[in-house]
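User: Let us go through this structure by its packing, its empty space and its strand pairing. Please begin with a single side chain and work outwards.

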Amino acid sequence: MAPKLTDIQLNVRPVFIAFIHQYAFEGPCRFGQGEQLEHDYDVMMAQELFKKFRSNIAKNTPEGINILEPIYVERSDWFEMKEGIYEEMSKDINEVDFFLFSTGIARGDLFLEFGERFGKPIGIVPWQCCGPFSNTAAARARGLEAYSFRNWDDFKTYMRVFRARKALRQTRVLMSARANSEVSLSTPDVFVNAHDVTRRLGVRLRYISEHELLDLMQPVDPSTNHTLPGRKACNINDTDLAEAEALADELIAGAQEVRMSREDILRTLHAYLTVKKVLEANDCNAFTMQCPDMCATRRFNEQRITPCMIHALNCEHGVPSACEYDLNALLAMVVLMNLSGKATYMGNVNCVYYDEEGKMTTLQAIGEKDITGVPEADKPNLYMTFHAAANRKLKGLTGPAAPYAISPFTYSGFGATFRMDFSADRGQEITLCRFAPDGKQLFVGKGTISAGFGYNSYNCDQGFFFTVGDQADFFYKHINFGNHLPLVYGDYTRELKLLGEILGFEVVTA
């Protein structure tokens, strides 16, 4: 089973290189007097520094980072480079994602050769003199991935970023398609070259026919599917139906309002549990499916479902799940969820337009009435996001669910969605992100929620307005990246900039 992306840990191996003088002497690179020049004093001091090294790392390890047992090695003033040193430092190397070194004078050559030999990311612990500059520069000049950290807060930030990169490399996306596996009718702005995504990011794509997927949502003899005649497929069964009943009880009991029938809620939950089973069967940990492509077949209408709550519940359980077959948005969700530990919200993101008289002209269902509480000074810099796939874990995957209503997507009463009152989060800072279709750039935007809308509406007319620093600047950068901009609560601009640099993407901020 592919690991849940929000559970992935970065394995860090600390390595302490001690320098032990064999003879007592003083000179231009060795200072001290008396016993400070003795061999045994060097050994004693090395052990004390090793303890401090371990203690600092233990105190500054962020969540999701697994510190492996630190390694201690010694080299003497013979400046030997014995194989045993490299064998010890590289112990269990296949388990290690990042090596964190304590070096010092006359040890940079070991650091450098280690990087050249093994090709693993290497870094130097904070608060070290001289080495962060000389050793990092030397390693990078040779094409090695090497880092130094100014302080422990920077170290923690970088570790979270490396963890997000590891999550991308372990992402296995279940792509549910109807007629075109490259692009959906509503997302021409996805990656031009999906193969390049695998090459550069390590993401793997697995495909399934959307008709086949919808057939699996029926609790029938699995050998009777007309898309899989005679094969025993993973249709939902009595166990899944019982799970759906229990989940419906839980969701209905926790809702502030329920505006649709229990039967139609169950249909949506059957669809969610089917997707969950198919993800497990295919060792996938992320999901997207085409929406208008299948809507036109009338099968959503026939089965009385929409994908909205599938995506919402997936995201609440740490499984990135994107609307409309939007792989660019999905991978942004992988990154945002991993960096923040929060679920993401993906919507249609639009500039708020005004006509010659200064009246909003964005959408018929959303208008001036929805921004009455927004300060006049903010209105020239308003943006908006809207979709029906909001979820209850935007403030943390492990925290309590936010207040919600259960409402149908359609006027005829089917397609369960969570309805959130985003006005309750007015003033909340948000970070938006998306990979560009050319696979070379990463967009990072910031904003502040100004007003919510759509709590009592249908369809995708739910979301919020947010204020950006400069609407024109945001707009003219946004149009190079595509419609959907997944977002997360909080400011993760710095982490995303670092991630873009590490991945080799040009980072565009707004």
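User: Which residues does Leu201 touch, not counting residues up to four places away in sequence?

Analyst: This is a predicted model, in which local features need pLDDT of at least 70 and side-chain atom pairs count only at pLDDT 80 or more, while totals for chains, interfaces and linings use all residues. Residues are numbered from 1 along each chain as its sequence is written, and side-chain values use heavy atoms, with hydrogens and water left out. Contact here means heavy atoms within 4.5 Å. With residues up to four places away in sequence set aside, Leu201 touches Leu168, Arg169, Leu331, Phe435, Leu503 and Phe505.

User: Which helix gives the largest share of the largest nonpolar core?

Analyst: A nonpolar core is a set of buried Ala, Val, Leu, Ile, Met, Phe, Trp, Tyr and Cys residues joined through side-chain atoms within 4.5 Å, where buried means under 20% relative accessible area, exposed over 50% and partly exposed in between (1.4 Å probe, protein chains only). The largest has 67 residues, and Leu201 is among those with the most contacts inside it, along with Met159, Leu168, Leu331 and Phe435. Helices (H or I, at least four residues) and strands (E, at least two) are DSSP runs numbered from the N terminus. The largest share, 11 residues, comes from residues 327-340, which form helix H13.

User: How many residues are in the second, separate core?

Analyst: Phe287, Met294, Ile305 and Phe443 are included in this second core. It is separate from the largest one, and its residue count is 58.

User: Which element gives the most to the lining of the largest pocket?

Analyst: On a 1 Å grid over the protein atoms alone, a cavity is a set of points where a 1.4 Å probe fits but cannot get out, a pocket is an open set with protein on both sides within 12 Å along at least five of seven lines, and lining residues have an atom within 4 Å of a point. The largest pocket is lined by 37 residues, of which Leu49, Thr103, Gly104, Ile105 and Arg107 lie nearest its centre. Two or more lining residues come from each of strand S1 (10-20), helix H1 (39-59) and helix H4 (131-141). With eight residues, the element that gives the most is H1.

User: How many residues in the lining of the largest pocket are charged?

Analyst: Ala, Val, Leu, Ile, Met, Phe, Trp, Tyr, Cys and Pro count as nonpolar, Asp, Glu, Lys and Arg as charged, and the others, Gly among them, as polar. The lining has 21 nonpolar and 11 polar residues, and the number of charged ones is five.

User: What is the volume of the largest cavity?

Analyst: Two cavities of 30 Å³ or more are found in the whole structure. The lining of the largest one includes Met175, Glu182, Phe191 and Tyr325, and S8 (204-209) and H13 each supply at least two of its residues. Grid points are joined across faces, edges and corners, and a volume is the space filled by probe spheres set on the points. For the largest cavity this gives about 70 Å³.

User: How many charged residues line the second largest cavity?

Analyst: This cavity has a volume of about 40 Å³, and His311, Cys315 and Met333 are among its lining residues. Its lining has six nonpolar and three polar residues, while the number of charged residues is none.

User: Which strand runs parallel to S17?

Analyst: Two strands pair if DSSP finds at least two bridges between them. S17 (residues 441-453), with 11 of its 13 residues buried, pairs in the antiparallel sense with S16 (residues 429-435) over seven bridges. S17 also pairs in the antiparallel sense with S18 (residues 463-467), over five bridges. The parallel partner, joined to S17 by four bridges, is S20.

User: Which residue in the turn between S16 and S17 has a positive phi?

Analyst: The two strands form a hairpin with five residues between them. In the turn, the residue with a positive phi, of about 70°, is Gly439.

User: Which strands stand at the edges of the sheet S9-S14-S15?

Analyst: The sheet is open, with three strands in that order and mixed pairing. Two of them have a single partner strand each, so one side of each is left without a neighbour in the sheet: S9 (257-258) and S15 (416-419).
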